Amino acid sequence: MESLKAVRGNQSVDSQDPESKKWANTVFFDLTLTDAESGLDQWEFTLDGVVIDSGTFTERREEFYQRISINKNGTVLIKVTDKAGNETPQTIIVENIDPDVPTITVEAEPALSGEWTNQFVTLWVTLEDKISGLDLTKCSYTLEGEEPLPCKPFEKITIRENTTVTIFAIDNAENEASEVITISNIDRVDPTINIFGGTAEGGVEAKGIVWTKGVISVGATMADSQQFEPEIENVMPPL
């Protein structure tokens, strides 16, 4: 008489112990089919009525092994028939597959619109996973050049200078999502002013002061390295 044994990982798939069924994005079934009398004839593996894999033995076969993977929840039906027409079915309910990656939502204040700001930028990060849930021991964010930091489902990140922030979210089925945010509009450096001047020819020095009836020229250069403004030179008109 034929027999069928289906094993998922290292545990029997017909176990009803919820603690023994960990979340996964893919589940593997290791099938062992045996029949020592008339021999194996055919077998079939379906998920919600759709055939995933099957086979027919044209030569005598007493034992057969097969590994099958699925990535969605549903009802698995495995059937094996021997040459004498005996049939063994096995039904397994799969409920621990999470095929979806977590979601990462980031809002910035002030908004990262390209407008310059002299304020710190605050990132409000939201992590969510509706099926298997977040594995918070593996969720993190990293500022460029720094070590990763833990990221909670609702995280506030204060950015004090231009940088790149990378956010990682991983769920209990090992699905992973990431988001990269580039902040390049912070300018907290004051502009510089350089004033220079002189007098026209014919000046006369008296008491340490050069007196003149000519034109006094005063110039200034102004620059801001963060916004790359050109230097501007102004000359004061005659009094």
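User: What percentage of the 239 residues in the chain is buried?

Analyst: This is a predicted model. A residue counts as buried when its relative accessible area is under 20%. Of the 239 residues in the chain, the buried share is 33%.

User: How many helices and how many strands does the chain have?

Analyst: Strands are present in the chain, whereas helices are not. The count is zero helices and 19 strands.

User: What share of the chain's exposed area do carbon and sulfur atoms supply?

Analyst: The chain exposes about 15300 Å². Of this area, carbon and sulfur atoms supply 51%.

User: Which residues are joined by a cis peptide bond?

Analyst: One of the two partners, Pro 110, lies in the loop between β9 (103–109) and β10 (121–128). The cis bond has an omega of about -5°. The residues joined are Glu 109 and Pro 110.

User: Is Asp 48 buried, partly exposed or exposed?

Analyst: Asp 48 sits in the loop between β4 (40–47) and β5 (50–56). Although Asp 48 is not a glycine, its phi is positive, about 50°. The relative accessible area of Asp 48 is 45%, and the partly exposed class lies between 20% and 50%. Asp 48 is therefore partly exposed.

User: What is the relative accessible area of Glu 174?

Analyst: Glu 174 belongs to the loop between β14 (163–170) and β15 (176–183). Its phi is positive, about 75°, and Glu 174 is not a glycine. Glu 174 is partly exposed, and its relative accessible area is 46%.

Notes:
Residues are numbered from 1 along each chain as its sequence is written. This is a predicted model: local features need pLDDT of at least 70, side-chain atom pairs count only at pLDDT 80 or more; totals for chains, interfaces and linings use all residues. Side-chain values use heavy atoms; hydrogens and water are left out. Helices (H or I, at least four residues) and strands (E, at least two) are DSSP runs, numbered from the N terminus. Buried means under 20% relative accessible area, exposed over 50%, partly exposed in between (1.4 Å probe, protein chains only). Accessible areas come from the Shrake-Rupley method with a 1.4 Å probe; for residues, only the protein chains shown count as cover.
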